[in-house]
Amino acid sequence: MAETTLPTRHTGVSGSTHKPLWRDAHRLTPYVFLILPVTLYSIWVIGPMFYSVWMSFTNSDGVTRQEFIGLDNYQRLFQDDIFWTSFFNNIKWLVSFITIPIVAGLGLALLLNNDLPGTRFFKAGFFSPMVVSSVVIGVIWSWMYQPFGLINEMLAALGRDGMPIGFLADPDLVTWSIIGAALWRQVGYVMLLYLAGLKNVDKTLVEASRVDGASSLRSFRDIVLPMLQPVTVIIVVISIIDALRSFDLVNIMTRGGPYNQSNVLAQMMYIEAFQNYNMGYGAAIAVVLALISIVFIFAYLRHMLKDEMEF
Amino acid sequence: MATTTAHLDTGEYRKKRNWRPIRIAFYYLFLVPLLLIWLIPIFMTFLTAVRSLDDITLNGPFSWPTSFELQNFSQAWTQGGLNRYMLNSFIITIPALVICLSLSSLAAFSLARFRFKGNLIIYFTFVGGSLLPFQILMLPVYRLANTLNLYDTYWALIIFHGAFQIGFCTFVLRNFMRTIPGEIFDAARIDGASEFRIYRQHVVPLSLPAIAALATLEFTWIFNDYLWALILVQRDELKPVTTGLASLQGEFIRAYNIQFAGTLIAVVPTVLLFVFLQRYFIQGLTMGSGK
Amino acid sequence: MSRSLSRIMQSNHTRRELARRGAAFGVSAPLLAGFAGISPAEALAQDGGTVQLASYNSDPAPRARMEGAVELYNESSDYTIELNTTEHEAFKLAIRTYLASDDPPDVLTWFAGNRMRFFSSAGLLMPLDDLYAANGWEEAYPKGILAVSKGRDGSYYFAPTSYYHWAIWYRPSMFEELGLEIPQNWEQFLGLVDALSEAGKIPIAIGTLAPWTAAAWFDYFNMRVNSPEFHISLCDGEVPYNSPEVKAAFEPWRELLDRKAFLPQPEAYSWQDAVTPFAQGDAGLYLMGRFIVDQFPDELEDDLDFFRFPTITEGVPVGEDAPTDGFFAAVEASNPEGANDVLAFLGSAETQQWFVEQGGSPAVHQDVPLDIYDDITRKGVEMLQQSDLIAQFYDRDTHPEMASHGMAAFIEFWNNPDELDRILDELDEVRQRVYESES
């Protein structure tokens with residue numbers, strides 16, 4: 001029982017008595033606590049997930065038919081141009097989400113990590129896009145991107161000549177334009193998370209290193225950054241999930257257009273399942289999307305598992 | 001100590017002391033314009049919300065307004081049915097919160113405190129499930145609600161949100177509970193307390209910061225959910241504020257002004273919650289970081 | 001089916017009782033009802049029972065009309081309608097979940113044509129042949145509309161109530177100022193476009209954020225170049241998209257694109273956004289449905305008129321897009337008698353006339369007199385009555401999946417007109433896949 005390294009672990013669960021499990025109240029306790037949550041979760045989350053996987057092997061249209069067709073949906077999916085366009089757009093979203101908000105969010109958090117008057121307003125201001133509904137963000141940014149919208153007008157006022165930039169009309173620009181609107185919203189969120197993380201950075205350590213002659217940059221790199229690592233890991237995972245989940249802005253700003261150039265897997269799944277009545281096909285897209293998420297989940301879980309093992 | 005104070009008296013430190021006012025000036029000079037530009041879309045929201053629709057159509061959204069209509073807000077409230085929808089949002093969110101937080105704390109307690117077969121698997125299932133894209137759950141959950149006769153009731157949304165958020169909340173609370181020192185449990189056990197007693201009297205009170213933080217986050221997420229409300233509820237009088245706001249948008253006319261006004265009203269509960277609980281929020285969030 | 005009906009009624013009954021008792025204790029009936037899964041109207045309903053009406057009329061004016069009609073009905077009938085309005089686009093996505101649930105709404109708003117047939121073929125709709133016979137609707141409704149109210153098996157499944165016309169809208173003041181005339185054929189139309197360009201205007205305004213506005217141009221090109229019957233066969237999947245006739249329909253389109261006749265970057269605008277240049281006098285023409293009048297600024301409405309899409313191929317029958325709206329009933333409705341009663345009410349001349357007087361679209365029932373319409377609307381109705389065939393609009397005439405690929409293809413053509421052949425080949429592959437699985 002001398003488990004001093006695990007102050008919260010209650011051992012003695014394994015083999016302390018010879019009663020069978022269901023008679024041993026002592027060993028049953030953890031399971032008793034888990035009954036309700038695990039049951040509810042299994043019924044409403046885990047079960048449905050498996051059902052979707054099964055549905056992806058059928059030609060279900062949600063209403064009339066549901067026959068097993070094996071891997072046909074997946075075969076069709078990998079030959080579908082729209083799928084590949086959406087997939088690569090998702091990559092663009094992913095890369096954007098795990099780079100820019102982190103750099104910008106961290107920068108803002110470092111800048112605002114003080115008690116100067118008005119800083120509270122700055123924090124709230126940069127965070128405010130998060131509380132506004134996607135519908136509003138989508139509409140207003142669409143207006144800003146229009147040929148005679150705010151951005152093009154500003155560029156013209158600054159002396160730019162020529163045709164207005166087709167932010168939402170040009171197939172090469174459209175995905176990046178939507179990502180821009182999404183990043184505008186995301187930066188404040190990441191900033192807040194970093195602000196929380198910075199609160200836990202031991203100020204005395206930083207000051208000590210400064211007094212010892214280290215430059216601000218050095219102490220940042222060697223002391224602050226490593227202490228921010230746990231928060232960074234969370235932020236990276238959240239960013240990945242948010243990037244893959246995102247479809248509200250795509251849906252509102254371009255519906256995935258023009259002709260599917262800004263489509264993402266989440267939007268594609270939604271249209272296939274709920275507009276084209278291809279439930280089976282939609283389920284296959286959802287499964288692929290989930291698999292991509294799982295790849296990153298496993299990477300994160302492995303990292304966390306390392307932490308567990310270190311205990 | 002002598003060396004360090006000598007350090008402090010060098011020109012370097014003095015330079016820093018004189019620097020500060022300039023740095024402060026640059027600080028504001030940089031941030032204020034940045035913030036103003038950053039908030040342009042937010043200004044636009046307010047601006048659009050107080051104009052008339054003809055004004056927007058005729059002059060374009062970025063033009064100087066020729067109208068000022070505060071009644072858009074009251075119109076959103078009554079004609080848009082916002083009073084009803086806001087109430088529904090609360091009716092759905094608060095019970096879902098209670099279910100989610102109570103069950104998650106039970107699960108987190110078990111996972112944090114006991115070592116038993118399946119502990120890690122169950123934990124990772126909760127974590128993994130919370131990261132699933134919702135699309136993979138849409139149709140099966142709809143079918144399930146139908147089969148259980150819960151379709152088109154408050155319960156469908158309450159139970160689903162309560163169940164789904166258990167994943168994330170268990171993740172955070174379990175990590176938080178692991179930081180609770182073991183002496184508390186040893187002392188309580190010596191007193192002969194049952195595990196449930198320990199949970200109720202010690203663990204829950206100590207976990208309040210994390211629970212408060214989660215309550216804030218979850219409130220925002222459940223309150224602002226749109227898609228599940230669309231799929232699980234059909235009747236108007238059950239709709240939460242998100243789908244209710246969407247019905248201000250029609251096939252032919254897009255009443256941007258009223259819709260934006262409604263959005264601004266709908267944002268108020270979330271903002272208030274953040275303001276009042278921000279202390280807990282920041283504190284509780286880092287607890288789940290697995291430190 | 002009767003067993004499930006009685007089960008539903010039984011549980012409804014007990015749930016209703018609970019709600020009544022709860023209300024007696026002062027607990028809010030809606031709250032309790034929401035938990036019990038019944039509506040407050042149901043909880044306190046009269047003897048005939050409630051009829052659940054699911055509506056997509058979320059725009060303020062149509063919504064007010066719908067609510068007014070419901071009130072009228074409730075005052076004079078044993079049944080009580082309970083109206084549930086969902087945002088228009090969301091309704092289109094959610095309707096399948098509504099109909100496929102165990103307790104679907106009794107009556108629903110919807111469109112005529114193939115979008116309705118998807119549900120009737122799936123056996124989700126109540127046949128209305130008796131209702132038609134009892135109310136004499138076969139004589140009262142225009143032939144073209146009767147055709148699109150039938151399912152594939154020839155029975156009636158849809159109760160049409162209103163329709164509206166599509167046309168090319170223009171500003172009379174602009175035409176007068178520039179000395180322009182209404183074009184009767186394609187050559188004159190091109191001349192009009194050129195004249196507008198020379199005057200510094202954008203000839204045609206359009207917003208293709210939602211691509212159905214581009215589909216409108218396709219509909220008319222196809223109907224004018226080939227024929228309305230050909231267009232319907234194409235929509236039914238019977239004709240290949242890469243056939244020479246279909247390619248010919250894209251030629252006049254190409255001519256417009258080459259002349260840069262359209263508003264630049266239309267994908268960046270919703271159709272409502274594109275009304276702005278039209279209202280400001282920077283653009284001359286707009287192909288749109290009658291509802292553009294509602295979006296148009298009130299003070300300028302006197303300076304708005306329309307003309308029929310010009311002839312392209314001489315001698316071809318005249319087809320017009322006239323999307324028809326109406327109602328149908330779910331076959332698993334829990335109150336079928338009530339549903340029938342409500343449909344009879346909505347399909348009657350009196351009710352349809354009432355809708356028109358409240359500002360609604362033209363009525364389907366031919367007993368509704370023409371003089372109650374304002375000038376613009378009457379002109380539109382007359383135009384439709386003179387046409388040879390009424391189409392429902394591309395995305396209502398064809399299978400939904402075909403429609404979404406088709407509309408994307410139109411936008412792709414818009415951006416890359418030289419790739420037309422490839423685009424049509426790919427589109428035809430979709431057609432084969434979709435319609436092969438349909439049969």
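These are my notebook entries on chain A and on two parts of chain C in this predicted model.

**Entry 1: chain A overall**

I began with the secondary structure of chain A, where I found 13 helices and zero strands. Reading along the sequence, I therefore wrote the pattern down as α-α-α-α-α-α-α-α-α-α-α-α-α, with helices taken as DSSP runs of at least four residues. I then looked up burial, and 43% of the 311 residues of chain A count as buried. For the contacts in chain A with a separation of 6 or more, I noted that 66% join residues 24 or more positions apart.

**Entry 2: domains of chain A**

I next checked how chain A is divided, and the assignment gives domain 1 as residues 24-55 and domain 2 as residues 87-274. Taken over C-alpha atoms, the centres of domain 1 and domain 2 of chain A are separated by 36 Å.

**Entry 3: helix H4 of chain C**

Moving to chain C, I looked up helix H4, which runs over residues 60-76 and has 17 residues. From its first C-alpha to its last, H4(C) reaches 25 Å, which is close to the 24 Å expected at 1.5 Å a residue. I listed its buried residues as C:Pro62, C:Arg65, C:Met66, C:Ala69 and C:Tyr73. These buried residues cover an arc of only 100° around the axis, so they lie on the same side of H4(C). What do the buried residues of H4(C) pack against? I found strand S1 (50-55), strand S2 (80-85), helix H17 (336-347) and helix H18 (349-357), which belong to chain C. On the face of H4(C) turned away from the buried side, I noted the exposed residues C:Glu71 and C:Glu75.

**Entry 4: a four-stranded sheet in chain C**

I then traced an open sheet of four strands in chain C, with the order S6-S7-S5-S8 and mixed pairing. Which strands stand at the edges of this sheet? They are S6 (202-204) and S8 (305-307) of chain C, and because each has a single partner strand, one side of each is left without a neighbour in the sheet. Neighbouring strands of the sheet are turned by 30° against each other on average, direction ignored.

I looked at one pairing at the S6(C) edge in more detail, and S6(C) pairs with strand S7 of chain C, residues 283-289, in the parallel sense over two bridges. For C:Ile202, I recorded C:Ala283 as the bridge partner in S7(C).

Methods. Residues numbered from 1 in each chain as written. Chains lettered and ligands numbered in written order. Predicted model: local features only at pLDDT ≥ 70, side-chain atom pairs only at ≥ 80, totals over all residues. Pairing = 2+ DSSP bridges. Axes fitted to C-alpha atoms, helices over the stretch in contact; angles between N-to-C directions. Domains from an automatic or database assignment. Buried ≥ 20, exposed ≤ 12 C-beta atoms within 10 Å, placed from the backbone. Contact = placed C-beta atoms within 7 Å. Expected span 1.5 Å × (residues − 1). Arc of directions from axis to C-beta.
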